[in-house]
Amino acid sequence: MKFDGEHLLIGQLGHFLVIFSWVASLFATIAFFQSARAQSETEKAGWMNMAKGCFLAMGLGIVGIFSAIFYICFQHYYEYMYAYKHASRELELRYLLACIWEGQEGSFLLWAIWHMVLGLLFLHRYKSGESSTWRAPVMTVISLAQFFLLMMILGIYVGDVRIGNSPFTLTRNEINAPIFSRPDYLQFIKDGMGLNVLLRNYWMVIHPPVLFLGFASTIVPFAFAYAGIQTKKWGE
């Protein structure tokens with residue numbers, strides 16, 4: 001059945017970017033790991049260039065995912081379950097932004113965004129000299145964490161098992177109601193459920209991003225601990 005008024009392209013693009021970023025994070029993890037183990041400088045550099053490219057591609061994909069979710073909420077595309085559950089027409093722009101991380105999928109995405117930022121800062125800070133030896137093992141851990149975080153919003157099926165919950169699922173696929181048997185069901189959905197009234201405060205815009213920056217930052221000492229063991233630099 002063809003449904004009237006659905007905007008499927010943005011959701012398909014967002015779902016593709018989730019899969020793309022997930023795969024890129026896996027390749028980045030493997031490449032950073034191989035760079036850390038390589039014996040020759042040429043081999044190390046080759047794996048490192050591949051790893052940095054994959055990590056950057058993953059980062060661009062994550063930015064695209066966030067932009068797609070925000071666009072869906074901003075445009076009030078209630079054919080998407082995420083917009084229907086968290087957005088509504090009376091919300092101000094700042095609360096439309098905050099409704100992204102009200103849901104679990106958005107929270108995982110916010111966490112992944114901060115990992116991406118920390119990873120890029122780390123690659124820039126440790127790009128040359130003696131300190132560059134830390135790059136590969138530390139980034140192996142960060143990339144692996146990205147792999148698992150993005151898996152949480154993957155939303156693909158392996159047999160009957162769904163891996164992760166996609167923020168781009170359609171409302172009609174998640175709610176079993178007679179209205180969704182009609183091709184014009186969207187004209188009966190006048191508004192979404194909106195942000196929880198208790199969360200409609202400017203601190204909701206500030207607090208979660210700062211909190212998740214704290215969560216994401218805990219990976220840094222862990223990654224250095226792994227790198228110290230891997231490189232046998234016990235005290236550095």
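**Group meeting talk: a walk through one predicted chain**

Okay, let's start with charges: the chain has 17 positive and 15 negative ones, and their mean positions sit 7 Å apart. Before I go further, please keep in mind that this is a predicted model.

Now the overall layout. We're looking at nine helices and two strands. If you follow the sequence from the start, you go through six helices, then the two strands, then three more helices, so the pattern reads α-α-α-α-α-α-β-β-α-α-α. Put a box around the C-alpha atoms, along the principal axes, and you get roughly 65 × 40 × 25 Å.

How much of the chain is buried? Of its 236 residues, 47% count as buried. The accessible surface comes to about 12400 Å², and carbon and sulfur atoms hold 65% of that. Then there are the contacts. Take the ones between residues at least 6 apart in sequence: 73% of those join residues at least 24 apart.

Let's zoom in on some backbone. Two residues I'd like to show you have a positive phi without being glycines. One is His 76, with a phi of about 55 degrees. You'll find His 76 in the loop between α2, residues 41–74, and α3, residues 81–86. The other is Lys 232, at about 60 degrees, and that residue lies in the segment after α9, which covers 219–231.

So which of these is buried and which is exposed? His 76 has a relative accessible area of 15%, and because the cut-off for buried is under 20%, it counts as buried. Lys 232 comes out at 58%, and since exposed means over 50%, Lys 232 is exposed.

On to the rings. A search of the whole structure turns up 14 aromatic pairs. Here's one of them: Tyr 71 and Tyr 77, edge-to-face, with 5.9 Å from centre to centre and 75 degrees between the planes. Tyr 71 is partly exposed, with a relative accessible area of 36%, while Tyr 77 is buried at 10%.

Next pair: Trp 111 and Phe 215. Why do we call this one tilted? The ring centres are 5.4 Å apart and the planes meet at 35 degrees; planes under 30 degrees apart would be stacked and over 60 edge-to-face, so this pair lands in the tilted class. I like this pair for a further reason: the pair links distant parts of the chain. Trp 111 is in helix α5, residues 104–125, and Phe 215 is in helix α8, residues 202–217, which puts them 104 residues apart. As for exposure, Trp 111 is partly exposed at 25% relative accessible area, and Phe 215 also counts as partly exposed, at 34%.

There's a cluster to point out as well: Phe 3, Phe 180 and Tyr 185 are joined by ring pairs.

Last stop, Leu 123, which takes us back to helix α5. Is Leu 123 buried or exposed? Its relative accessibility is 11%, which is under the 20% cut-off, so Leu 123 counts as buried. What does Leu 123 touch, leaving aside neighbours within four places in sequence? The contacts are Phe 32, Lys 52, Phe 55, Arg 135 and Met 139. And if you want a distance to check on the screen, the C-alpha atoms of Leu 123 and Ala 31 are separated by 14 Å, with their positions 92 residues apart along the chain.

That's my tour, thanks for listening.

Notes:
Residues are numbered from 1 along each chain as its sequence is written. This is a predicted model: local features need pLDDT of at least 70, side-chain atom pairs count only at pLDDT 80 or more; totals for chains, interfaces and linings use all residues. Side-chain values use heavy atoms; hydrogens and water are left out. Helices (H or I, at least four residues) and strands (E, at least two) are DSSP runs, numbered from the N terminus. Buried means under 20% relative accessible area, exposed over 50%, partly exposed in between (1.4 Å probe, protein chains only). Contact means heavy atoms within 4.5 Å. Accessible areas come from the Shrake-Rupley method with a 1.4 Å probe; for residues, only the protein chains shown count as cover. Lys and Arg count as positive and Asp and Glu as negative; His and the chain ends are not counted. The place of a charge is taken as NZ of Lys, CZ of Arg, CG of Asp or CD of Glu. Rings of Phe, Tyr and Trp (its six-membered ring) pair if their centres lie within 6.5 Å; planes under 30 degrees apart count as stacked, over 60 as edge-to-face and the rest as tilted.
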